[in-house]
Amino acid sequence: MEQAQHSFPHRVDDNTAVWAEFKDLTERYSCISLGEGAPAANPPQFLVDELMKAIQEGHNQYSRTFGHPILVQSVAEYYGKKLGQEINPLTQVIVSAGAYNVIVNALLALIRPNEGEEVLVFEPGWPCYIDLVQFAGGIYRPLCLQQKDGKWHFDAEQFKNSLNNNTKLFIFNNAQNPTGKIFTREELDEMSKILENYPNVIVLSDDVYEFLTYDGTQFTGFASIGDNFKKTLSIYCPGKMMCATGWQVGWAVGPEKLIKPVSLISTTQIYCANTPVQVAYGRALPQVDKPGYKGELSFVEHIRQEFQEVRDYMFKELSEGFDLPVEPLRSESGYFILLDISKCKELIPERYLKSHQFEELKEGQDPLKVNEVFMSDGSVPLDLAFCRWIAVERGVIMMPCSLFYHKESPYRLDQHVRLVICKGLDHSIKAIERLKSKRQ
Amino acid sequence: MESQDNQETKVQRKYPHRIDDNVAIWTEFRELGDRYSCLSLGEGAPGGNPPDFLKDFMIKAIDEGYNQYQRIFGIPEFVNKIADVYGEKLKRQINPMTEIMVTAGANSALNSYIIGLINPREGEEVLVFEPCFPQYQDHIQMAEGVYKAVPLEWKENRWTFDPEVLRKSLNDKTKIFLLNNAHNPTGKLFNREDLQILTDILNEFPHVIVISDDVYEFLTFDDQQSSILFASIGNNFEKTVSIFSGGKLFQATGWKVGWSIAPNEILSKAAIIQCCTTYCINAPAQIAMSRSFDLIETMPYTEGRTFVQNMKKEFQDVRDFFISQFNSISQELPVVPLPSESGYFLMIDITNCKKIIPERYLKSHDFEELKEGQSAVSRNIVYMPDGSVPLDLAFCRWMAVEKGVIMMPASLFYHKESPIRDDKYVRIGICKGLDHSRKAFDRIKGKQKMD
């Protein structure tokens, strides 16, 4: 039989390599990870009990393609309150296989492929947006978030100038990854006003961390302001909220004319989302804000407190008594904090700064496959060098922020690294102690 | 840019058309089911439940901490198990890390492979047997490939295909041959002879990749072994994707876990797509299924039968019930059941019913006797090439409205422009359990609609 020659489509760049390097480093150098945004805690018992109940009651077969009636009813009530909006559970909610899946389905549903439709995204931002926009056949256009005096600012002029008649979507991640920024009411009003000049622009409000705010900061959903609901899909992630990122169910709310096309894509791809998990979430959602989960705190308040405790611990430990001159930046929300590592350049061994061949290989050991990326001046990104150094010589994984920009973005910086604060205090203490002990 | 009065701003957006809205097809029958309080023999959702031990393993997996993001292509414990179980069926060593991809249900596997393999808008063809699972069309459309079909025909008491017709339908542009064995909706099992013919013909077109939809492979009747996997024959593994469904195997279609086995050259293309779509798959469900794999085939579960043996018996009992019952009323209702060898469904030939179906259903799509102020249900406005309402659609509407039973017209299992589209068969679910099926048949016989 002759050897078959196949030609396969190139619909999206294969960026799994990016994360693979850090997974490989973790294994080879036995690192403690502060890299991946997956919580250490288990989901609350009330959620687990609801799942068991749903399975026993027989909710185990195919269910409604847009989302199980019990869940969509619950979602409509819960987020209707948050957004100050009457939400129709049957036409204004879509449930898919995780928030990630909802986001890509929205992009596929709304972007006409290869027609020059532009998607605006703040950088630094979740890198997967880049791949997903490419997959949907859109054009990714970054907007810059700039850091000044410990706060991240958006540039209204730049926002205004980046909009044009080709702009189809604005992906707006509030309670932002990786900066933790919560956009203020003033900023949201300003954005809304600017967008009035481009009424065709659809907003994808990625609100997956909206529940995880610190220091009592208020989160305002973009869709709750003025008439914004009519043009906004708001994405939520129960996996993040209830520490069950592996259960893979997520949802969005929005006007029917945006929800319906998303549901068509979802139906084709998965038919329906996991049934018993949907029922469990539907029954658990009204319980997350009830006081009395831990002392007087509700479950959400408890999670906020736990994460904030880790955030504060790390902030303190990395600001004082640390041999490296890193500057932690305040995070207002979410799973992460950023460190400014620009002052560490002189301390990083030459090997990491000079090239991508940074390992001191043992006899017979092959080098790891690494990201061969460069800054525009041809240098190895400083943050990448830093993270490799810390992984190999101190056994702790962090993520270089330069990976949170498009590789050709004019705004790409290499002076920040991202650490997670979602792993619980014990794990975080171990990581910090290892970091500070300069393990051989 | 001058500002505009928000009130008068007209929002004009263009949306992509990646996929036809085929939800409408199923909507008619859902609405008929609701309005006329029907019992359903329509959808392929089983009436039974997953085994208790699967549910227990699920809860245990949650307690053990399998609740966060996992390896995208499947948890190592699970893929190792799949490699063992299917390595035996395929008679080869399967590499769990490079040749297995766990998916959000089998349907998601079809989506990822078809999109991953088809070069969009280049006229690449996907060849299928019709009638077939209608969602194949949707995946192919989404991938921007070309859907092409060859017929399965009922001849000499079995469903057959014509090798010459198949050979003539294959060409340079054929990218994928999509084979569904055990077949939906006919229940046909492609036997060794069939599969050898297919293998030989496909060897004349070595560029063609085979996707073998094996989701019902375990659900065979009449003491038959599991269906023969195309990938297990000769060198076929090198060109074949085999797709399996945890939802069907464990009678938990809502749990949405499937798996695919393929050589890495092919799997890696689907993997890139999965990274962009469903990402990881439900973690505790993977562990639960992994730990239940052996038990469903070895542990006595119901009256001494294993879970799988019991499922096969229950479905076969319903199949046999419908066949004997339809035969017993063939004077009043001249339906000819076509024995199904496998799966969730039974096809019946309703050609001879034309003379007894009330005119209203045959004449047009306005078949309801509407009450004051009532509007018609959403309807599939489709016609046969001669302009008639499809006979099977008329039959199913009649059954729904006047007997209170939902069945599916098999003409919906062809592309709406398929030149081989036939309207003389109706598909009945045999997956709903004997009680439900008896009640449904009482209604078909014409007994009171009330239970």
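# Exercises on salt bridges and helices

The side chains of Lys313(B) and Asp317(B) form a salt bridge at 2.7 Å, N to O, where a salt bridge is a side-chain nitrogen of Lys or Arg within 4 Å of a carboxyl oxygen of Asp or Glu. This is a predicted model, in which local features need pLDDT of at least 70 and side-chain atom pairs count only at pLDDT 80 or more, while totals for chains, interfaces and linings use all residues. Residues are numbered from 1 along each chain as its sequence is written, chains are lettered from A in the order in which they are written, and side-chain values use heavy atoms, with hydrogens and water left out.

**Exercise 1.** Determine how Asp317(B) and Lys313(B) are placed in helix α11 of chain B, and classify the accessibility of Asp317(B) and of Lys313(B).

*Solution.* Helices are DSSP runs of H or I with at least four residues, strands are runs of E with at least two, and both are numbered from the N terminus. Helix α11 covers residues 307–328 of chain B, and because Asp317(B) and Lys313(B) are four residues apart in it, about one helical turn separates them. Buried means under 20% relative accessible area, exposed over 50%, and partly exposed in between (1.4 Å probe, protein chains only). Asp317(B), at 29%, is therefore partly exposed, and Lys313(B), at 35%, is likewise partly exposed.

**Exercise 2.** Establish which parts of chain B are tied together by the pair Asp20(B) and Lys416(B).

*Solution.* The side chains of Asp20(B) and Lys416(B) meet in a salt bridge of 3.8 Å, N to O. Asp20(B) lies in the segment before α1 (23–35), and Lys416(B) in the loop between β16 (408–409) and β17 (425–429), so the pair ties together parts of chain B that are 396 residues apart in sequence. Asp20(B) has a relative accessible area of 27% and is partly exposed, and Lys416(B), at 45%, is also partly exposed.

**Exercise 3.** Is Glu117(A), a salt-bridge partner of Arg112(A), buried or exposed?

*Solution.* The side chains of Arg112(A) and Glu117(A) meet at 2.9 Å, N to O. The relative accessibility of Glu117(A) is 7%, so Glu117(A) counts as buried.

**Exercise 4.** Compare the expected span of helix α9 of chain B with the distance between its end C-alpha atoms.

*Solution.* The expected span is 1.5 Å times one less than the number of residues. For the 13 residues of α9 (264–276) of chain B this gives 18 Å, and the end C-alpha atoms are 18 Å apart, which agrees. Among the buried residues of α9(B) are Ile266(B), Leu267(B), Ala270(B) and Cys276(B).
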